[in-house]
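Me: I would like to learn how to read the features of a structure such as this one, step by step. Could you take me through it?

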Amino acid sequence: MKKNRPVNLDLTTISFPLPAIVSILHRLSGVLLFLIIPLLLWTLQQSAFSEEGFLNVQDALTSTLSKVIIWVLLSAMIYHLIAGIRHLLMDMGIGEERKSGKVGAFIALGLSIVCAILVGVWLW
Amino acid sequence: MVSNATSYTGSGLRDWLIQRVSAVVLGAYILFLLVFFMSHSGMEYATWEGLFGQLWMKVFTFVALLSLYAHAWIGVWTVLTDYIKPVAIRVTLEVLVVLSLLTYLIWGIVVVWSI
């Protein structure tokens, strides 16, 4: 192997194609969803055990800050789901070519943005 | 063949398959809950508690929790394997993730079966 091969690890100078962005966002959203598991379990525990807890949770969810947090988490969840469906389609041989892969990435990203907007409309 | 002591099943192909089966279960669960929320605006405690009081919902949630356990393990393992190169740090993180997931699994089962 040549020792003086050019190395470019400066991420800011690398141009990421759309499928690469969709892929890294899939990972990021997945890690985020892993991190919030205890929050989800705690919310379920509070809300389903007693009416008092349920009302407390409902009350906490009405503030703007918690709505923003829910919007981010729901959007991440829907994005992860859509990017996951794209993965399953690629397993079946759909959209795994260079060109169709780009189209698939574009559709996944576009659909997620539309869903994120709809979630925002629903929340506010 | 990819084989690794810290991956979920130790087999790359089996991990691949379980990741997809668990994804379909989780997708169904999330879509069900989203539809339930959207069709019950101004939800009351009785509706919410009534949903989780049903046996089929407990079983559905239990299967979803098991899927989440496997899915998160395989997913986070893949991410850690790709980005954390020093073995000691990576294995430590992997063990922490697996222990957290086990805690969440048991916690979730206790919550679901005591509602």
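**Reading helices, contacts and charges**

Reply: The buried residues of α4(B) pack against α1 (18–35) and α2 (37–49) of chain A, together with α3 of chain B. This is a predicted model, in which local features need pLDDT of at least 70 and side-chain atom pairs count only at pLDDT 80 or more, while totals for chains, interfaces and linings use all residues. Residues are numbered from 1 along each chain as its sequence is written, chains are lettered from A and ligands numbered from 1 in the order in which they are written, and side-chain values use heavy atoms, with hydrogens and water left out.

Me: Which residues of α4(B) are buried?

Reply: Buried means under 20% relative accessible area, exposed over 50%, and partly exposed in between (1.4 Å probe, protein chains only). The buried residues of α4(B) are R90(B), E94(B), V97(B), V98(B), L101(B), Y104(B), L105(B), G108(B), V111(B) and V112(B). Helices are DSSP runs (H or I, at least four residues), numbered from the N terminus, and packing rests on contact, that is, heavy atoms within 4.5 Å.

Me: What span should the 28 residues of α4(B) have?

Reply: The expected span of a helix is 1.5 Å times one less than its number of residues. For α4(B) this gives 40 Å, and its end C-alpha atoms are 40 Å apart, which agrees. Helix α1(B) also has 28 residues, and its reach of 40 Å from first C-alpha to last is close to the expected 40 Å.

Me: What covers the buried residues of α1(B)?

Reply: The cover includes α4 (64–91) of chain A, together with α2 (45–53) and α3 (55–83) of chain B. Among the buried residues of α1(B) are D15(B), Q19(B), R20(B) and S22(B). Of these, S22(B) counts as buried because its relative accessibility is 5%, and, leaving aside neighbours within four places in sequence, S22(B) is in contact with S67(B) and H71(B).

Me: How should I read a buried charge, and which side chain of opposite charge is nearest to D15(B)?

Reply: Side chains of opposite charge can pair when their charged atoms come close. In counting charges, Lys and Arg are positive and Asp and Glu negative, whereas His and the chain ends are not counted; a salt bridge is a side-chain nitrogen of Lys or Arg within 4 Å of a carboxyl oxygen of Asp or Glu. D15(B) is buried yet has no salt bridge, since the nearest side chain of opposite charge, R14(B), is 7.3 Å away. The side chain of D15(B) does have a polar contact of 3.3 Å with that of S7(B), the term meaning a pair of N or O atoms within 3.5 Å, where within protein one must be able to donate a hydrogen and the other to accept it, and residues adjacent in sequence count only if both atoms are side-chain atoms.

Me: How many salt bridges does the structure hold over all chains?

Reply: There are 3 over all chains, and 2 are found across the interface of chain B and chain A. D82(B) and R27(A) meet through their side chains at 2.7 Å, N to O; D82(B) is partly exposed, with a relative accessible area of 37%, and R27(A) counts as partly exposed at 24%. D91(A) forms a salt bridge with R20(B), the closest N and O atoms being 2.4 Å apart. D91(A) lies in helix α4 of chain A and R20(B) in helix α1 of chain B, so the pair joins two chains. Here D91(A) is partly exposed at 35%, whereas R20(B) is buried at 18%. R90(B) and E94(B) also meet in a salt bridge, at 3.9 Å, N to O; both are buried, and, being 4 residues apart in helix α4 of chain B, they are separated by about one helical turn.

Me: How is the contact between the chains described, and what area is buried between chain B and chain A?

Reply: The size of an interface is often given as the accessible area lost when the parts come together. Buried area is the accessible area (1.4 Å probe) that two parts lose on being put together, summed over both. Between chain B and chain A about 2,600 Å² is buried, of which carbon and sulfur atoms give 77%. Y45(B), Y104(B) and W107(B) supply 25% of the area that chain B buries against chain A, more than any other three residues. The contact takes 33 residues from chain B and 26 residues from chain A.
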